[in-house]
Amino acid sequence: MSFCSFLGGEVFKDHFQPGIYVCAKCGHELFSSRAKYEHSSPWPAFTETLRGDSVAKREERPGALKVSCGKCGNGLGHEFLNDGPKRGQSRF
């Protein structure tokens with residue numbers, strides 16, 4: 001499943017089939033459907049990446065990290081610290 005192709009709306013926001021979400025640009029594995037949860041944002045929400053090298057992060061502002069594909073650098077959005085479904089979890 002390609003993730004973060006923002007043209008024409010996000011087709012995977014309400015998609016909860018088992019699988020792996022990959023970078024729309026290079027196919028690098030990013031997130032597992034097991035880490036996906038319902039959220040009010042217009043994009044899919046995840047609590048964690050598939051692996052430690054799935055994404056690259058840099059601080060954009062306090063509490064928010066800019067996230068990109070760990071392989072090709074494609075922009076994926078943000079990680080919002082302590083904004084996940086459980087206390088202490090992040091939201092990607």
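Select Cys72 to begin, and you will find a residue that is partly exposed in this predicted model, with a relative accessible area of 30%. Its sulfur is 3.7 Å from the closest cysteine sulfur, which belongs to Cys26, and that is too far for a bond. Now add Cys26 to the selection: at 29% relative accessibility this residue also counts as partly exposed, and the cysteine sulfur closest to its own is in Cys69, at 3.7 Å, again too far for a bond. Because a disulfide needs two cysteine sulfur atoms within 2.5 Å, these separations do not qualify, and the count of disulfides in the structure comes to zero.

Next, colour strand β7, residues 64-69, together with strand β8, residues 75-80, and follow the antiparallel pairing that they make over five bridges. Within this pair, Ser68 stands opposite Gly75 of β8. Five residues lie between the two strands of the hairpin, and if you select Gly73 there you will see a residue with a positive phi near 85 degrees.

While β7 is still on the screen, colour the chain by pLDDT. Among the elements of the chain, β7 has the highest mean value, 95, whereas strand β1, residues 2-3, has the lowest, 46. The values stay under 50 over residues 1-8, so this stretch should be read with caution, since pLDDT expresses the predictor's confidence in each residue. The average for the chain is 85, and 84% of the residues score at least 70.

Move on to Thr47, in the loop between β5 (45-46) and β6 (55-61). Is Thr47 buried or exposed? With a relative accessibility of 18%, Thr47 counts as buried, and beyond its neighbours within four places in sequence it is in contact with Ala35, Tyr37, Pro85, Gln89, Ser90 and Phe92.

The last stop is the salt bridges, of which a search of the whole structure finds five. One of them joins Arg51 to Glu29, with the closest N and O atoms 3.1 Å apart. Arg51 lies in the loop between β5 and β6 while Glu29 belongs to strand β3 (residues 29-32), so the pair ties together parts that are 22 residues apart in sequence. Add Asp53 to the selection, and you have a network of salt bridges that links Glu29, Arg51 and Asp53. Finally, select Arg91 and Asp83, whose salt bridge brings the closest N and O atoms to 2.7 Å; Arg91 is buried at 12% relative accessibility, whereas Asp83 is partly exposed at 33%.

Notes:
Residues are numbered from 1 along each chain as its sequence is written. This is a predicted model: local features need pLDDT of at least 70, side-chain atom pairs count only at pLDDT 80 or more; totals for chains, interfaces and linings use all residues. Side-chain values use heavy atoms; hydrogens and water are left out. Two strands pair if DSSP finds at least two bridges between them. Helices (H or I, at least four residues) and strands (E, at least two) are DSSP runs, numbered from the N terminus. pLDDT is the predictor's confidence in each residue, from 0 to 100. Contact means heavy atoms within 4.5 Å. Buried means under 20% relative accessible area, exposed over 50%, partly exposed in between (1.4 Å probe, protein chains only). A salt bridge is a side-chain nitrogen of Lys or Arg within 4 Å of a carboxyl oxygen of Asp or Glu.
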